[in-house]
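Here is a friendly walk through some side-chain contacts and a few local features worth finding on screen. Keep the viewer open and follow along.

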Amino acid sequence: MRISTILLATATMASAVAVATPAFAQDSTFAGPRVEATIGYDSVHSDDHVAATPNSINAARLGIAAGYDVAIGKVVTVGVEGGIGWALGDGRSYTAGGTTTTIDTGRDIDLSLRVGARVAPHTLVYAKGGWANSEFHGTAKTGASVISASSNEDGWRAGVGIEQMLGEHVYAKAEYRYTDYGDDVTRHQALVGVGYRF
């Protein structure tokens with residue numbers, strides 16, 4: 001086969017790939033609506049200054065979120081995001097004076113504003129901040145007697161993360177989030193996930 005024929009065939013294939021994926025060949029804008037699923041580590045901390053009680057509840061976390069981003073120029077994006085997640089675990093238990101108390105977490109929702117910067121053609125780093133509301137459950141069992149209580153706690157949430165486009169629509173992400181509910185109750189979450197931009 002002549003070299004000119006090989007070069008022509010290679011150029012033809014390269015042109016076909018460029019035509020088939022024009023959007024990803026250009027810089028990603030990280031704009032528009034998106035949905036995502038996340039999994040990771042969830043840790044709630046509370047210090048009641050009682051040595052017998054646990055100071056943390058650690059579990060895996062599953063979550064979903066949706067958001068919308070607007071590009072400001074070629075680098076900066078701003079957006080909003082809402083999400084919900086659930087800790088996977090049985091909480092923490094301790095026994096004192098014949099009573100066994102179990103503390104557990106329920107659903108965890110948040111609504112945040114987000115500002116990002118494109119640091120590479122397909123890579124975005126961002127910071128976010130907003131409101132969180134989380135469920136907490138407690139059960140005290142003494143013999144056959146069981147007393148249960150639940151509460152919804154509001155707090156502020158801040159986080160940082162990175163998104164990497166894997167194609168025209170699909171992206172991967174990693175994110176760290178910190179939540180403060182007041183009264184020495186805080187939460188740390190380290191998450192990874194995949195998402196889809198429409």
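Let us begin at a turn in the chain: D184 has its place in the loop between strand 8 and strand 9. Please keep in mind that this is a predicted model. D184 has a positive phi of about 65° although it is not a glycine. At 53% relative accessibility, D184 counts as exposed. D183 is found in the loop between strand 8 and strand 9 (185–197) too, and its phi, near 55°, is likewise positive in a residue other than glycine. D183 is exposed, with a relative accessibility of 73%. For context, most residues other than glycine have a negative phi.

**Salt bridges**

Now for the charged side chains. The structure holds 18 salt bridges, and the table shows three of them.

| Acidic residue | Basic residue | N to O distance |
|---|---|---|
| D42 | R187 | 2.8 Å |
| D108 | R157 | 3.0 Å |
| D110 | R177 | 3.4 Å |

In the pair of D42 and R187, the side chains meet at 2.8 Å, N to O. D42 lies in strand 1 (residues 32–46) and R187 in strand 9, so this salt bridge ties together parts that are 145 residues apart in sequence. D42 is buried at a relative accessible area of 1%, and R187 is buried with a value of 1%.

The partners of the next pair are R157, in strand 7 (residues 145–165), and D108, in strand 5, so parts 49 residues apart in sequence are tied together. Both R157 and D108 are buried.

Strand 5 also holds D110, while R177 lies in strand 8, so their salt bridge ties together parts that are 67 residues apart in sequence. D110 counts as buried at 5% relative accessibility, and R177 is buried with a relative accessible area of 5%.

**Aromatic rings**

Which rings pair up? The count comes to three aromatic pairs. In one of them, the rings of F136 and Y181 have their centres 5.5 Å apart and their planes at 90°, so the pair is edge-to-face. F136 lies in strand 6 (residues 123–142) and Y181 in strand 8 (residues 170–182), so the contact ties together parts that are 45 residues apart in sequence. F136 is buried at 12% relative accessibility, and Y181 is buried at 9%.

Y196 and F198 form an edge-to-face pair as well, with 5.1 Å from centre to centre and 65° between the planes. Here Y196 is partly exposed, with a relative accessible area of 34%, whereas F198 counts as exposed at 56%.

Two arginines also meet aromatic rings. The charged end of R114 sits over the ring of Y126, 4.2 Å from its centre. R197 lies over the face of Y171, at 5.6 Å from the ring centre.

**A nonpolar patch**

Finally, have a look at the surface. Which residues form a nonpolar patch there? They are Y68, V70, I72, V75, V76, V78, V80, L113 and V115, with about 740 Å² of accessible area together. Strand 2 (56–72), strand 3 (76–88) and strand 5 (99–120) are the elements that give two or more residues to the patch. V76 is found in strand 3, and V76 is partly exposed, with a relative accessible area of 33%.

Conventions:
Residues are numbered from 1 along each chain as its sequence is written. This is a predicted model: local features need pLDDT of at least 70, side-chain atom pairs count only at pLDDT 80 or more; totals for chains, interfaces and linings use all residues. Side-chain values use heavy atoms; hydrogens and water are left out. Rings of Phe, Tyr and Trp (its six-membered ring) pair if their centres lie within 6.5 Å; planes under 30 degrees apart count as stacked, over 60 as edge-to-face and the rest as tilted. Helices (H or I, at least four residues) and strands (E, at least two) are DSSP runs, numbered from the N terminus. Buried means under 20% relative accessible area, exposed over 50%, partly exposed in between (1.4 Å probe, protein chains only). A charge sits over a ring if NZ of Lys or CZ of Arg is within 6 Å of the ring centre and within 35 degrees of the ring normal. Patches are made of residues with over 30% relative accessible area and no salt bridge: like charges are joined within 9 Å, nonpolar side chains (Val, Leu, Ile, Met, Phe, Trp, Tyr) within 5 Å. Accessible areas come from the Shrake-Rupley method with a 1.4 Å probe; for residues, only the protein chains shown count as cover. A salt bridge is a side-chain nitrogen of Lys or Arg within 4 Å of a carboxyl oxygen of Asp or Glu.
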